[in-house]
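Reader: I am new to this structure. Could you walk me through it with a few questions and answers?

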Amino acid sequence: MVKKAITYKKVTISVPEDLMKRFNNCRDEYKRQNMKINLSAEITAHLEKEVKRMEKELRKENPHFLHGQESLDI
């Protein structure tokens, strides 16, 4: 199933300089070897894992927590 990419808000992240250098080196090597990397997919997968972890943690404190809920009774 293909997900349609919709941009609601732009996200700005801070990346340490040494990590950015390493990323750029890897990206250059990927290009040299005719390989492709989908950084957006990698970030999305990581965010999905983190959101699941946060939801689980919230449900520990409030078993009735639902996605989209605006207030918590803790």
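Author: Here are some questions on the chain, a pocket and a surface patch. This is a predicted model, where local features need pLDDT of at least 70, side-chain atom pairs count only at pLDDT 80 or more, and totals for chains, interfaces and linings use all residues. Residues are numbered from 1 along each chain as its sequence is written, and side-chain values use heavy atoms, without hydrogens and water.

Reader: How many helices and strands does the protein chain have?

Author: Helices (H or I, at least four residues) and strands (E, at least two) are DSSP runs, numbered from the N terminus. By that count, the protein chain has 2 helices and 0 strands.

Reader: Which element gives the most to the lining of the second largest pocket?

Author: A pocket is an open set of points on a 1 Å grid over the protein atoms alone, where a 1.4 Å probe fits, with protein on both sides within 12 Å along at least five of seven lines; lining residues have an atom within 4 Å of a point. Among the lining residues are Ile13, Leu19, Phe23 and Ile43. Two or more residues come from each of α1 (17–32) and α2 (39–61). The element that gives the most, with 5 residues, is α1.

Reader: Is Leu19 buried, partly exposed or exposed?

Author: Leu19 is found in helix α1. Buried means under 20% relative accessible area, exposed over 50%, and partly exposed in between (1.4 Å probe, protein chains only). Because its relative accessibility is 40%, Leu19 counts as partly exposed.

Reader: What percentage of the 74 residues in the protein chain is buried?

Author: The cut-off for buried is the one given above for Leu19. Out of the 74 residues in the protein chain, the buried share is 4%.
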